There are 2 protein chains.
Amino acid sequence: MSAANVIPLLAGTPALFNPQARVCAECGIRKHALFGALDLTALDQIHVQIATIRLAPGQLLYSAQAPGQAAYTVRSGVVRLERLNERGERRILRLGGRGDTLGMEAMLGQSYAADAVACTEVEVCRLPRSLVDELTRDQVELARDMMRRWQRALDDADEWLTELCAGPARHRMLRLLLKLSEYADGQAVWLPSRLEMSAMLDMTIETASRTLAQLKREGVLEAPDQKHALIHMDVLLDALRRDAAEA
Amino acid sequence: MSAANVIPLLAGTPALFNPQARVCAECGIRKHALFGALDLTALDQIHVQIATIRLAPGQLLYSAQAPGQAAYTVRSGVVRLERLNERGERRILRLGGRGDTLGMEAMLGQSYAADAVACTEVEVCRLPRSLVDELTRDQVELARDMMRRWQRALDDADEWLTELCAGPARHRMLRLLLKLSEYADGQAVWLPSRLEMSAMLDMTIETASRTLAQLKREGVLEAPDQKHALIHMDVLLDALRRDAAEA
DNA sequence: CGTTTACTTGATAGGTATCAAAACGCGTGG
DNA sequence: CCACGCGTTTTGATACCTATCAAGTAAACG
């Protein structure tokens, strides 16, 4: 068990010969990601290509109705899941950030249920359908891990529905800011365009703009540039509490 | 392979000795339900109790936050999943009908994500957590089936969000009626109380009442009694189309 | 049959959509 | 570097939809 060509982090674990296994083992989000459940030896047995994909803001990761061939784990950035309702309006269902898995319906041979579009610069791992088919056969833990991912998606959907779809515009906007702060990787939070906000909160662009302007005046957030915001959590939480109190 | 004590439907298949297996094999919704994936022999190996539970309208099946010990498959009736948002309002997330599986988060050792309450008279099968734990170990197909169920719940959640949470009250009410007709077992559709409608569509009781009254006048539905409705699909679909056209 | 609860209807206020126009940010090419 | 043009955001005025408050009516229940 020579540790010569093993990266320091893995010293003491078996050497990995499969180059892809190396990449996955080194991945910063492995413990949160789909294969976190696999031990390193199992990782080494992956023969299928796990590709890393980079997307610019606005680029499509996959589109609704398309036959799904892969799921994707977000390594960095924010992806939005959106679909058109029957009146032809674009509705954003939820967001995917670091560690989230998107398009799992592909694993079941189904077509994608929504469009997935990059909101920021995004890096995802592509997990081909066949890979999971293979691995679930003898890795029971992987099956459980996938179920946990489905449940997480469901929890996200439920929370989106209860908190972002009801109440006055101001309150929904506050909740959105709270949610966005979950996806921050640094100090600055990604601030969606007004069009995106309106599609998330079911309001017009104008109302989104007005509401946000008001919150800026109240000191809930500052926007150094168009696409980033500094959110003052204490002020935000205070505003939410006052909201709830008088409602 | 004597067929003497085997019910006609199963002639030609191995005899089932486990009494519970008999009940499941005879279940009308088996092909849609969680164990549809299991062959009859596997069914026979179930040692755990699968209880049938009957609920009256308004009765609680399980409640949010409670440590989940079982999932439930709906055999008949309609169950609502609801939770309180942070402003203390009750929000109905979605409905569960014949063949739907609820509370699957219990299978993962998580607590329930929402309250489950019977809307009509309801019959469900209780699937203890341990049962699925046991079976997924050697029944790969069961694991896949459960994943399909999670995906189905997610699809439901997404549809609810895109179609029932956006647009004017009248349109949301029309979509609700369309959805309710999916849960009908006969001619008559279960008609929720105005309070329930308001919690599903994020509107007040008064608006729900007014909107529905208007649709009755337009001949979209008739209500023979308080809790049932006859929906005229052609009129309904027409109304939805006209909606979309002028929007 | 009275009492309670759910539903309906009306009048009004308030929030949001709509329509319109101005200000701003940003990339491009002069 | 600045001017230009385009898309986005902001702001204003008005109309419309829905919430709210308030009665009144119908249905459920003891």
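**Figure 1. Protein contacts to DNA strand C in the predicted model.** A polar side-chain atom of Arg210(A) lies 2.9 Å from a base oxygen of DNA strand C, and a polar side-chain atom of Glu206(A) lies 3.1 Å from a base nitrogen of this strand; a polar contact here is a pair of N or O atoms within 3.5 Å. At the backbone of DNA strand C, a phosphate oxygen is 2.6 Å from a backbone N or O atom of Ala169(A). The elements that give two or more residues to the surface near DNA strand C are α7 (205-217) of chain A and α7 (205-217) of chain B, and α7(B) gives the most, with five residues. Helices (H or I, at least four residues) and strands (E, at least two) are DSSP runs, numbered from the N terminus.

**Figure 2. The residues around DNA strand C.** Of the 17 residues around DNA strand C, those that come nearest are Ala169(A), Thr207(A), Arg194(B), Ser209(B) and Arg210(B), where a residue is near a strand if one of its heavy atoms lies within 4 Å of it. By class, this surface has four nonpolar, six polar and seven charged residues; Ala, Val, Leu, Ile, Met, Phe, Trp, Tyr, Cys and Pro count as nonpolar, Asp, Glu, Lys and Arg as charged, and the others, Gly among them, as polar. Of the atoms of DNA strand C within 4 Å of the protein, 63% belong to sugar or phosphate, and the rest belong to bases.

**Figure 3. Protein contacts to DNA strand D.** Here 17 residues surround the strand, and the closest are Arg194(A), Ser209(A), Arg210(A), Ala169(B) and Thr207(B). Phosphate oxygens of DNA strand D lie 2.4 Å from a polar side-chain atom of Thr207(B) and 2.7 Å from an N or O atom in the side chain of Ser209(A), while a polar side-chain atom of Glu206(B) lies 3.1 Å from a base nitrogen. To the surface near DNA strand D, α7(A) gives the most, with five residues.

**Figure 4. A salt bridge between two helices of chain A.** Glu163(A) forms a salt bridge with Arg175(A), their closest N and O atoms being 3.6 Å apart; a salt bridge is a side-chain nitrogen of Lys or Arg within 4 Å of a carboxyl oxygen of Asp or Glu. Glu163(A) lies in helix α4 (residues 140-164) and Arg175(A) in helix α5 (residues 169-182) of chain A, so the pair ties together parts that are 12 residues apart in sequence. Over all chains, the structure holds 38 salt bridges.

**Figure 5. The open four-stranded sheet of chain B.** The strands follow the order β2-β7-β4-β5 with antiparallel pairing, two strands being paired if DSSP finds at least two bridges between them. The edge strands, β2 (60-62) and β5 (90-96), each pair on one side only. Four bridges join β4 (residues 79-84) to β7 (residues 115-118) of chain B, and the bridge partner of Arg80(B) in β7(B) is Val117(B).

**Notes to the figures.** Residues are numbered from 1 along each chain as its sequence is written, and chains are lettered from A and ligands numbered from 1 in the order in which they are written. In this predicted model, local features need pLDDT of at least 70 and side-chain atom pairs count only at pLDDT 80 or more, whereas totals for chains, interfaces and linings use all residues, and side-chain values use heavy atoms, with hydrogens and water left out.

Note on methods
A polar contact is a pair of N or O atoms within 3.5 Å; within protein, one must be able to donate a hydrogen and the other to accept it, and residues adjacent in sequence count only if both atoms are side-chain atoms.
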